[in-house]
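Q: Please take a close look at a single part of this model and describe it in connected form. I would like the packing of that part, its surroundings and the reasoning behind each assignment of burial and orientation.

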Amino acid sequence: MLYYGISLVMGIAISMQAPINASLSRSLQASPILAALISFVIGSACLLLFACLSGELNADIFKSLLKQSWWKFLGGILGAFFVFGTILLAPKIGLINMFLLILIGQLITGMLLDNFGAFGLNIKPISWHKILGLVIVFGGLLVFFMKEIKEGLQIYS
């Protein structure tokens with residue numbers, strides 16, 4: 001239950017992070033890149049402090065870093081893209097629209113990565129339950145975005 005609770009709090013934190021960082025961006029000459037940079041510098045400082053306090057930061061860690069495959073460092077790039085994207089998109093399309101689309105991307109990608117056991121994950125095959133769940137979520141999105149879809153179609157007709 002603890003891990004599920006932490007996941008819920010992470011969702012709350014991400015939802016708060018986007019508008020906070022977007023507000024920072026507006027006060028920095030509307031620069032999502034600078035706001036993301038500041039967010040990562042502060043986050044990195046916090047993680048450095050936690051790593052030092054926990055005793056996990058030692059010489060052996062630095063040695064093992066040199067032996068890692070290049071793709072294991074893509075997480076930092078993907079994280080930077082995510083934070084930059086939320087800063088850019090939150091004021092333009094709104095939080096709920098942005099997070100619903102992010103959620104759909106996460107669900108589809110997560111289902112595929114689980115299915116193939118990508119990046120060392122345990123294999124969790126795609127099932128009809130998962131596909132049905134995605135169809136239901138897609139249906140909910142269509143209902144949710146119905147007004148925007150109708151307005152978009154009217155523009156092109």
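A: The helices named below are DSSP runs of H or I with at least four residues, numbered from the N terminus. The model is a predicted one. The part chosen is helix H4, which spans residues 74–93, together with the elements that adjoin the discussion.

The contact with helix H1 is taken up to begin with. H1 covers residues 2–26, and its axis comes within 8 Å of the axis of H4, with a crossing angle of roughly 75 degrees. Because of that angle, H1 is roughly perpendicular to H4, given that angles of 65 to 115 degrees are placed in that class. On the H1 side, the residues that meet H4 are Ile14, Gln17, Ala18, Asn21, Ala22, Ser25 and Arg26. Their counterparts in H4 are Phe82, Val83, Thr86, Ile87, Ala90 and Pro91.

Serine 25 illustrates the H1 side of this contact. Serine 25 belongs to helix H1, and it is classed as buried because its relative accessible area is 6%, where the cut-off for burial is under 20%. Apart from neighbours within four places in sequence, serine 25 is in contact with Ala30, Ser31, Pro32, Ala35 and Ile87. One of these partners, Ile87, is among the H4 residues that meet H1.

Another of the partners of serine 25 is alanine 30, which is situated in the loop between H1 and H2. The backbone of alanine 30 has a positive phi of about 55 degrees, although the residue is not a glycine. In contrast to the buried serine 25, alanine 30 is exposed, because its relative accessible area is 55% and the limit for exposure is over 50%.

After this loop comes helix H2, residues 32–54, which contains alanine 36. With a relative accessible area of 7%, alanine 36 is therefore buried. Once neighbours within four places in sequence are set aside, alanine 36 is in contact with Val83, Phe84 and Ile87. Of these, Val83 and Ile87 are also among the H4 residues that meet H1. The C-alpha atom of alanine 36 is separated by 9.1 Å from that of alanine 22, and the two positions lie 14 residues apart in chain separation. Alanine 22 is itself one of the H1 residues that meet H4.

The next contact is with helix H5, residues 95–116. The axes of H4 and H5 come within 7 Å and cross at roughly 135 degrees. The two helices are therefore oblique to each other. From H4, the contact involves Phe82, Gly85, Thr86, Leu89, Ala90 and Ile93. From H5, it involves Leu95, Asn97, Met98, Leu101 and Ile102. Phe82, Thr86 and Ala90 are named here, and they are also named in the contact with H1.

Alanine 90 shows this double role at the level of one residue. It lies in helix H4 and counts as buried because its relative accessibility is 10%. Beyond neighbours within four places in sequence, alanine 90 is in contact with Ala18, Leu95 and Met98. Ala18 is listed on the H1 side, whereas Leu95 and Met98 are listed on the H5 side. For comparison of positions along the chain, the C-alpha atoms of alanine 90 and alanine 45 are 45 residues apart in sequence and separated by 25 Å.

Leucine 89, also in helix H4, has a relative accessible area of 35% and so is partly exposed. Leucine 89 touches Gly94 and Met98, with residues up to four places away in sequence not counted. Its C-alpha atom is separated by 9.8 Å from that of proline 19, although the two residues are 70 apart along the chain.

Following H5 away from H4 leads to a surface feature. Ile108, Leu112, Phe116, Ile126, Trp128, Ile131, Leu132, Val135, Ile136 and Phe138 form a nonpolar patch there, with about 960 Å² of accessible area together. The elements that supply two or more of its residues are helix H5 and helix H6, the latter covering residues 128–144. The largest share, six residues, comes from H6. One patch member, phenylalanine 138, lies in H6 and is partly exposed because its relative accessibility is 35%.

The loop between H5 and H6 holds phenylalanine 119. Like alanine 30, phenylalanine 119 has a positive phi without being a glycine, here about 60 degrees. Its relative accessibility is 62%, and it therefore counts as exposed.

Methods: Residues are numbered from 1 along each chain as its sequence is written. This is a predicted model: local features need pLDDT of at least 70, side-chain atom pairs count only at pLDDT 80 or more; totals for chains, interfaces and linings use all residues. Side-chain values use heavy atoms; hydrogens and water are left out. Patches are made of residues with over 30% relative accessible area and no salt bridge: like charges are joined within 9 Å, nonpolar side chains (Val, Leu, Ile, Met, Phe, Trp, Tyr) within 5 Å. Accessible areas come from the Shrake-Rupley method with a 1.4 Å probe; for residues, only the protein chains shown count as cover. A salt bridge is a side-chain nitrogen of Lys or Arg within 4 Å of a carboxyl oxygen of Asp or Glu. Buried means under 20% relative accessible area, exposed over 50%, partly exposed in between (1.4 Å probe, protein chains only). Axes are lines fitted to C-alpha atoms, for helices over the stretch in contact, and angles run from 0 to 180 degrees between N-to-C directions. Angles under 35 degrees count as roughly parallel, over 145 as roughly antiparallel, 65 to 115 as roughly perpendicular and the rest as oblique. Contact means heavy atoms within 4.5 Å.
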